[in-house]
Amino acid sequence: MRFNSLVMAAACGLLAAAGPSSLSAQQRAVVVSPDTAYDPVQPLVDRLDLERYKNTIKGLAQFGDRRQGTKRNRDAVDWIEAQLKQYGCQNVERITYQYAPAPTAGRGGGRGRGPITSPNGRGTPGNGPGGSRIFSDMRERGGANDSLSQPDPAIRAINMEPTTPGERQEVICMKVGTKYPNEMYIIGGHMDGIGWGQAVNDDASGSAIVMELARIFSMPDVQTERSIRFALWNNEETGLNGAHAYADQRGPMQGKEIPPGSGKYPEPKWLGMIQHDMMMVDHGPPTADGKLAPNQRPEADINIEFAITSKFADESMKLAFFWRAANEKFATHYPAAVGPHMTNTDSDPFKDLVPSLSLRENERGSQIGGNWDPTHHQPIDVLTTFNDKDYMLGLTSAQTTLGAIGRLVGAVVQK
Ligand SMILES: [Zn+2]
């Protein structure tokens, strides 16, 4: 199917499902304009830059694995907040919550559901995370749990402090819409990590997409009709606690004008949520000894997943194909594929509230579950493991989301 007809079909269904009763004339023009016409979103996508994306990832990597409940995690939260303010992002705020797990609760504890791991990296073909099916006998190993597993003494030193229970914070900011400031899409990535490395792929790579989009949408010549929330979740690795805290605290505030008559909406009504988690490694199945295959595979793609068992399955599926169409329109390097088994990421708390997606390097269940990313929660998730082909997969995801969200919010660059 040609791009424009697919986008039109997807966007009409999506917008009808997501809340706004009709497309504005401007949005309709954006959605149906031929490929050769001036596209108001393209100049924004063109502002993405591989070196800037890499530098933002490096900025996060300086805080090691950013494990929640440590000073290195709090320092990273401070750094993210300073960056967002420097970009000019509006309404920079912190969500504050408590995290006090039972002593035995680890990854997947609480309200999350853990992945299926195997200590020796082997299993029998069968069910994987999120309702997926794993056809191979490869399995993820559990995350590293010993700081001494990190061979680099400088990184090991940064990661020494263990986690302690207590208060946690995460940073959010907003692009306020000019026409519908009371409605927004949420763009997320998680800034915390585990595994005694630098949490570069999981998930500086997704957090940097959120931060780069916040930077570009905050430029003074950029206007959007609808609002965009930028969220840098904490505590993803302990069971999505930061995303749950946001949903619990901010959900009831949706669409309320505070104070009345002010035109200000601290929490616009949610129209959709898009998470970015592990955006760089599509090296294919592991080598025979279970190690990371050395190179990005030629068939590398972005995996856009929705939860087919969720309340908003149909609307999320439409949104997923809208994202895929945006990839065909705006991405420079890698294609995108859609799958039905979104799982184990911060879009999960939103999936029964609004249309929700996750973008990843691989399908979370069938592929990462089959050990397609042996850097996952391991000491090799460090800057020196990755090259430009890996970073480019992340930047391609940024192009895809910027293009898609730019169209949905009616973004324009002021002349
Ligand atoms: Zn992650």
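These notebook entries record what I looked up in one predicted model.

**Conventions.** I number residues from 1 along each chain as its sequence is written, and side-chain values rest on heavy atoms, with hydrogens and water left out. Because the model is predicted, local features need pLDDT of at least 70 and side-chain atom pairs count only at pLDDT 80 or more, while totals for chains, interfaces and linings use all residues.

**Entry 1: overall chain.** I began with the secondary structure, which comes to 11 helices and 12 strands; these are DSSP runs (helices H or I, at least four residues; strands E, at least two), numbered from the N terminus. Of the 415 residues, 61% count as buried, where buried means under 20% relative accessible area, exposed over 50% and partly exposed in between (1.4 Å probe, protein chains only). The accessible surface is about 15,500 Å², and 55% of this surface belongs to carbon and sulfur atoms; the areas come from the Shrake-Rupley method with a 1.4 Å probe, and for residues only the protein chains shown count as cover. I then took the contacts with a separation of 6 or more: residues 24 or more positions apart account for 80% of them, a contact being heavy atoms within 4.5 Å.

**Entry 2: zinc site.** Which protein atoms are the donors of the zinc ion? I found His-190 (NE2), Asp-202 (OD) and Asp-277 (OD), lying 2.0 to 2.2 Å from the ion. Donors are N, O and S atoms within 2.8 Å of the metal (3.2 Å for Na, K and Ca); water is not among the atoms, so sites may look incomplete. Along the chain the donors follow the spacing H-x11-D-x74-D. His-190 lies in strand β5 (residues 180-190) and Asp-202 in helix α7, so this pair ties together parts 12 residues apart in sequence. His-190 is buried at 0% relative accessibility, and Asp-202 is buried at 2%.

**Entry 3: backbone around the site and elsewhere.** I noted that the peptide bond from Asp-202 to Asp-203 is cis, with omega near 10 degrees; Asp-203 is found in helix α7. In the loop between β5 and α7 lies Ala-199, whose phi is near 45 degrees, a positive value in a residue other than glycine. Ala-199 is buried, with a relative accessible area of 1%. Asn-235, in the loop between β7 and α8, also has a positive phi, of about 60 degrees, and is buried at 0%. A further cis bond runs from Ile-258 to Pro-259, with omega near -10 degrees; Pro-259 is in the loop between α8 and β8. As background, most residues other than glycine have a negative phi, and most peptide bonds are trans.

**Entry 4: nonpolar cores.** I define a core as a set of buried Ala, Val, Leu, Ile, Met, Phe, Trp, Tyr and Cys residues joined through side-chain atoms within 4.5 Å. The largest has 69 residues, of which Ile-80, Leu-84, Leu-213, Phe-217, Phe-230, Trp-323 and Ile-405 touch the most other members. Helix α7 (residues 200-217) gives the largest share of this core, 10 residues. Beyond its neighbours within four places in sequence, Phe-217 is in contact with residues including Leu-44, Phe-230, Leu-402 and Ile-405. Apart from the largest core lies another, of 16 residues, among them Tyr-97, Met-174, Ala-231 and Ala-245.

**Entry 5: helix α8.** Seven of the 10 residues of α8 (residues 241-250) are buried, including His-244, Ala-245, Tyr-246 and Arg-250. The buried residues pack against β1 (90-99), β4 (166-175), β5, β7 and β8 (269-276).

**Entry 6: aromatic rings.** My search of the whole structure gave eight aromatic pairs. Rings of Phe, Tyr and Trp (its six-membered ring) pair if their centres lie within 6.5 Å; planes under 30 degrees apart count as stacked, over 60 as edge-to-face and the rest as tilted. Phe-63 and Trp-79 have centres 6.2 Å apart and planes at 55 degrees, so the pair is tilted. Phe-63 is buried at 13%, and Trp-79 at 19%. Trp-233 and Phe-350 are likewise tilted, because their planes stand at 40 degrees, with centres 5.8 Å apart. Their locations, strand β7 (residues 226-233) and the loop between β10 (336-339) and β11 (356-360), are 117 residues apart in sequence. Trp-233 and Phe-350 are both buried, and with Tyr-246 and Trp-270 they form one aromatic cluster.
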